[in-house]
Amino acid sequence: MHAMAPAAAFVAAAAAADAAAVEEAAATCALTVPSKASLTVVDNLPKEFFTPMEEFDAVAHMLENLPDNANAPFLEAQHRQTQAVLETVNSQLSARVMRSYGAFVHGMAQVQQLKSDLVLTAILCRSARKHLGRVQAEMVEPGLAILAKLRRKAALEQQQKLVEGLRVLIKEAAELRSLLDGDGVGAENGDDARVVDLAHGANLLRRCEARCRQLKHLNQAQRISPSVATASDELQALMHAELRRACSQFEADRFRSAVECALTLDRVDEIMSQVHNNFAEAIKESTKEVLNNHVLMSLEQMTPQQERALDIGKYKDVCSMLRPDYFDSCLAHSFQALLHVLLSHHKMLKWLLAAEAAAV
């Protein structure tokens with residue numbers, strides 16, 4: 001802006017000089033107002049003198065109208081008349097200019113001011129264009145480049161998170177499948193060691209389900225979702241099987257694993273509603289197993305019909321197949337199986353009370 005100060009001063013000086021010139025020109029035009037006699041002379045001019053200049057030649061008109069006997073006094077009189085007409089026209093023109101003098105001077109001043117403003121505006125525009133070009137080269141373009149890099153970085157970080165989430169999903173889904181298939185740690189010890197990891201399987205299932213919902217727009221996650229749903233059904237089936245087993249053969253560690261699995265999967269109300277039926281089924285299956293064993297011992301040779309009746313027959317129908325000399329032994333072992341179920345019930349209640357006390 002310091003560089004523009006001399007330019008503004010120059011524009012103001014030029015405007016003042018132009019205004020002074022206008023004042024001087026107007027002052028030179030200040031003539032006297034024409035008299036009535038002069039106006040009469042003008043009115044007596046032929047009408048051709050009032051036509052446009054491009055359509056009328058005054059000299060040619062005067063030469064054509066000269067009389068044949070024109071002499072020096074006549075030409076002198078014509079000269080004086082022409083001079084009077086010229087002076088009258090100049091007086092009228094000067095008077096008209098003087099009547100419009102104020103508006104003329106004001107208009108010229110406005111024109112000069114507008115000219116000065118336009119010159120100053122042009123200077124400001126050139127300076128602003130120069131500064132804008134510098135700002136664009138030094139700030140805007142580097143800033144846009146930085147923003148583009150930041151957006152690209154954010155997009156790459158988002159893609160990295162998605163890839164990492166997908167990798168973890170694949171790993172946890174495979175670990176869950178390995179756990180359900182019995183290929184995990186401790187599987188060489190049999191089914192018992194595998195079932196104890198139900199709580200870990202429930203945690204894996206929860207994480208897999210959450211990642212499937214988070215990555216549901218990815219094709220790979222959509223392909224894994226059905227296997228996760230299948231694993232959920234299998235894990236819940238194992239959980240119910242373990243809870244049924246606890247009714248006849250209670251083991252604290254396995255029961256704790258099943259309960260933690262139910263808590264993780266929000267199935268506590270469901271398993272609590274099935275406790276009574278599970279104990280009833282345990283009593284029925286344990287006593288039925290004792291009865292079947294004694295029937296097999298009492299019969300030396302079984303027909304295919306008897307084997308089918310033993311497998312699918314009702315309790316009273318199987319009892320009819322038992323020989324009388326096995327009644328006492330079968331009854332004693334049935335009571336023993338019943339007491340074993342009741343002992344599991346007692347251990348379960350004791351464990352639940354201890355867990356409730358520890359939670360408080």
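The exercises below work through ring pairs, nonpolar cores and pockets in a predicted model.

**Exercise 1. Classify the ring pairs that involve Phe255, and state where the partners lie.**

Solution.
- Step 1. Searching the whole structure gives 2 aromatic pairs.
- Step 2. For Phe250 and Phe255, the ring centres are 5.2 Å apart and the planes meet at 50°, so this pair is tilted.
- Step 3. For Phe255 and Trp351, the centres are 5.1 Å apart and the plane angle is 85°; angles over 60 degrees count as edge-to-face, so this pair is edge-to-face.
- Step 4. Phe255 belongs to helix 9 (residues 252-264) and Trp351 to helix 14 (residues 327-359), so their pair ties together parts 96 residues apart in sequence.
- Step 5. Through these ring pairs, Phe250, Phe255 and Trp351 form a cluster.

**Exercise 2. Decide whether Phe250 and Phe255 are buried or exposed.**

Solution.
- Step 1. The cut-off for buried is under 20% relative accessible area.
- Step 2. Phe250 has 12% and is therefore buried.
- Step 3. Phe255 has 5%, so Phe255 is buried too.
- Step 4. Trp351, the partner of Phe255, is likewise buried.

**Exercise 3. Describe the largest nonpolar core and identify the helix that gives the most to it.**

Solution.
- Step 1. The core has 35 residues, and those touching the most other members are Leu169, Leu235, Phe255, Cys261 and Met348.
- Step 2. At least two residues each come from helix 5 (101-181), helix 7 (198-214), helix 8 (219-248), helix 9, helix 11 (275-298) and helix 14.
- Step 3. The most come from helix 8, with 9 residues.
- Step 4. Beyond its neighbours within four places in sequence, Leu235 is in contact with Leu180, Leu198, Gly201, Ala202, Leu205, Cys261 and Leu265.
- Step 5. Another core, of 10 residues, lies apart from this one; Val290, Leu291, Val318 and Ala337 are among its members.

**Exercise 4. Set out the volume and lining of the largest pocket and of the second largest pocket.**

Solution.
- Step 1. The largest pocket has a volume of about 660 Å³. Its lining has 23 residues, with Leu45, Phe49, Val85, Leu86 and Val89 closest to the centre.
- Step 2. Helix 4 supplies the largest share of that lining, 12 residues. By class the lining of the largest pocket holds 15 nonpolar, 6 polar and 2 charged residues.
- Step 3. The second largest pocket has a volume of about 340 Å³. Of its 15 lining residues, Ser248, Gln249, Ala282, Ser286 and Glu289 are closest to the centre.
- Step 4. Helix 11 gives the most to the lining of the second largest pocket, with 7 residues. That lining divides into 3 nonpolar, 7 polar and 5 charged residues.

Note on methods: Residues numbered from 1 in each chain as written. Predicted model: local features only at pLDDT ≥ 70, side-chain atom pairs only at ≥ 80, totals over all residues. Heavy atoms only, no water. Phe/Tyr/Trp six-rings, centres within 6.5 Å; stacked < 30°, edge-to-face > 60°. Buried < 20%, exposed > 50% of the residue type's maximum accessible area, 1.4 Å probe, protein only. Helix = DSSP H or I, 4+ residues; strand = E, 2+ residues; numbered from the N terminus. Core = buried A, V, L, I, M, F, W, Y, C linked by side-chain atoms within 4.5 Å. Contact = heavy atoms within 4.5 Å. 1 Å grid on protein atoms, 1.4 Å probe; cavity = no way out; pocket = protein on both sides within 12 Å on 5 of 7 lines; lining within 4 Å. Points joined across faces, edges and corners; volume = space filled by probe spheres on them. Nonpolar A, V, L, I, M, F, W, Y, C, P; charged D, E, K, R; others polar.
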